[in-house]
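Biologist: I have a chain to look at before I go back to the bench. Could you walk me through the model?

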Amino acid sequence: MIVRWLNKLEETVFCALLVAMVLLVGVEVFYRFVLAEGIGWAQEASLYLSGWFVLFGVSWGVKQGAHIGVDVLVKKLPRGGRRIVTLVALAVCLGYCGLLLIGSFQYLSLTHMIGIELEDIPIPKWQATLILPIGMGLLVLRFLELGWRVIKDEADGFGFSDEGQASLNLAEPPAGEPRTEKNDREERP
């Protein structure tokens with residue numbers, strides 16, 4: 001129940017960040033090139049919005065299996081071997097996330113203690129960079145979910161997007177049509 005609510009919240013924030021970034025950059029371009037004026041805080045705001053978008057996106061990508069992975073050798077292993085390699089990789093990923101979580105909390109504590117504000121926007125820097133522990137926490141959650149699915153034998157890998165296979169599928173002739181030299185010529189640009 002809580003995970004389902006968190007999934008919905010994550011996707012909503014992810015979409016809202018994308019819309020906000022696109023609108024802000026679009027308005028800034030209009031102001032600069034049509035009105036010959038800029039919005040003083042737009043560059044900094046779009047930079048932080050993109051940072052939030054990326055860190056939410058990393059978590060979402062793990063959940064969806066949308067990341068590209070180099071797993072040619074892992075795919076050659078039997079299912080049990082793939083599961084073991086996946087669990088080892090997840091342990092390494094969780095260790096990395098743990099280091100980033102510790103570092104992000106130290107960074108946030110320091111910027112909060114010093115009281116630094118953003119350059120162009122009058123808000124504390126620690127609030128703008130709060131996504132660091134949030135994003136890493138979401139990523140830890142996604143890695144733990146994947147690890148649980150591997151342990152329960154519901155998955156045997158990260159579920160990476162296979163661009164190579166997708167490209168090969170695009171090059172295939174339509175179903176029921178034999179591969180001919182003419183088809184090969186039509187596929188070339």
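Modeller: Start with a contact inside the fold. The side chains of E10 and R142 meet in a salt bridge, at 2.4 Å from N to O. Keep in mind that this is a predicted model.

Biologist: How many residues apart are E10 and R142 in the chain?

Modeller: E10 sits in helix α1. R142 sits in helix α6, which covers residues 131–151. The pair links distant parts of the chain, and the separation is 132 residues.

Biologist: Are E10 and R142 buried or exposed?

Modeller: The cut-off for buried is under 20% relative accessible area. R142 has 2%, so R142 falls under that cut-off. For E10 and R142 the answer is shared: both are buried.

Biologist: Which residue of helix α6 also forms a salt bridge with R142?

Modeller: Look about one turn along helix α6, three residues from R142. The closest N and O atoms of this second bridge are 3.0 Å apart. The partner is partly exposed, because its relative accessibility is 23%. The partner is E145.

Biologist: Which residues are joined into one network with E10, R142 and E145?

Modeller: Salt bridges that share partners build the network. E10, R142 and E145 belong to it. The other members are E11 and K63.

Biologist: How many salt bridges does a search of the whole structure find?

Modeller: The E10 and R142 pair is one of them. R142 with E145 is another. The search of the whole structure finds seven.

Biologist: Which residue does R83 form a salt bridge with?

Modeller: R83 lies in helix α4, residues 79–114. Its partner lies in the loop between α6 and α7, so the bridge ties together parts that are 70 residues apart in sequence. The closest N and O atoms are 3.4 Å apart. The partner is D153.

Biologist: What class of burial do R83 and D153 fall into?

Modeller: Partly exposed runs between the 20% and 50% cut-offs. R83 comes to 22% relative accessibility. D153 comes to 41%. Both values lie in that range, so R83 and D153 are each partly exposed.

Biologist: Now the aromatics. How are the rings of F14 and F53 arranged?

Modeller: A pair of aromatic rings is described by the distance of the centres and the angle of the planes. For F14 and F53 the centres are 4.7 Å apart and the planes are at 0°. Planes under 30 degrees apart meet the cut-off. The pair is therefore stacked.

Biologist: Which helices does the pair of F14 and F53 tie together?

Modeller: The two residues are 39 apart in sequence. Both F14 and F53 are buried. F14 lies in one helix and F53 in another, residues 42–64, so the pair ties together α1 and α2.

Biologist: Which ring besides F53 is in one aromatic cluster with F14?

Modeller: This ring also stacks on F14, because the centres are 5.2 Å apart and the planes at 20°. It lies in helix α2, 46 residues from F14. F14 is buried at 14% relative accessibility, while this partner is partly exposed at 27%. The cluster member is W60.

Biologist: What covers the buried residues of α1?

Modeller: The buried residues of α1 are E10, F14, L17, M21, L24 and E28. F14 pairs with F53 of helix α2. E10 pairs with R142 of helix α6. The cover includes α2 and α6.

Biologist: How far does α1 reach from its first C-alpha to its last?

Modeller: Helix α1 has 32 residues. At 1.5 Å a residue, the expected span is 46 Å. The model comes close to that, with a reach of 46 Å.

Biologist: Is Y31 of helix α1 buried or partly exposed?

Modeller: Y31 belongs to a nonpolar patch on the surface, along with V25, V27, V29, F30, F33, V34 and L35. Together they have about 740 Å² of accessible area. Y31 has a relative accessible area of 32%, so Y31 is partly exposed.

Biologist: Step back to the protein chain. How many helices and strands are there?

Modeller: The elements run α-α-α-α-α-α-α-α from the N terminus on. Buried residues make up 28% of the 189 residues. The secondary structure comes to eight helices and zero strands.

Key:
Residues are numbered from 1 along each chain as its sequence is written. This is a predicted model: local features need pLDDT of at least 70, side-chain atom pairs count only at pLDDT 80 or more; totals for chains, interfaces and linings use all residues. Side-chain values use heavy atoms; hydrogens and water are left out. Helices (H or I, at least four residues) and strands (E, at least two) are DSSP runs, numbered from the N terminus. Buried means under 20% relative accessible area, exposed over 50%, partly exposed in between (1.4 Å probe, protein chains only). Patches are made of residues with over 30% relative accessible area and no salt bridge: like charges are joined within 9 Å, nonpolar side chains (Val, Leu, Ile, Met, Phe, Trp, Tyr) within 5 Å. Accessible areas come from the Shrake-Rupley method with a 1.4 Å probe; for residues, only the protein chains shown count as cover. A salt bridge is a side-chain nitrogen of Lys or Arg within 4 Å of a carboxyl oxygen of Asp or Glu. Rings of Phe, Tyr and Trp (its six-membered ring) pair if their centres lie within 6.5 Å; planes under 30 degrees apart count as stacked, over 60 as edge-to-face and the rest as tilted. The expected span of a helix is 1.5 Å times one less than its number of residues. Contact means heavy atoms within 4.5 Å.
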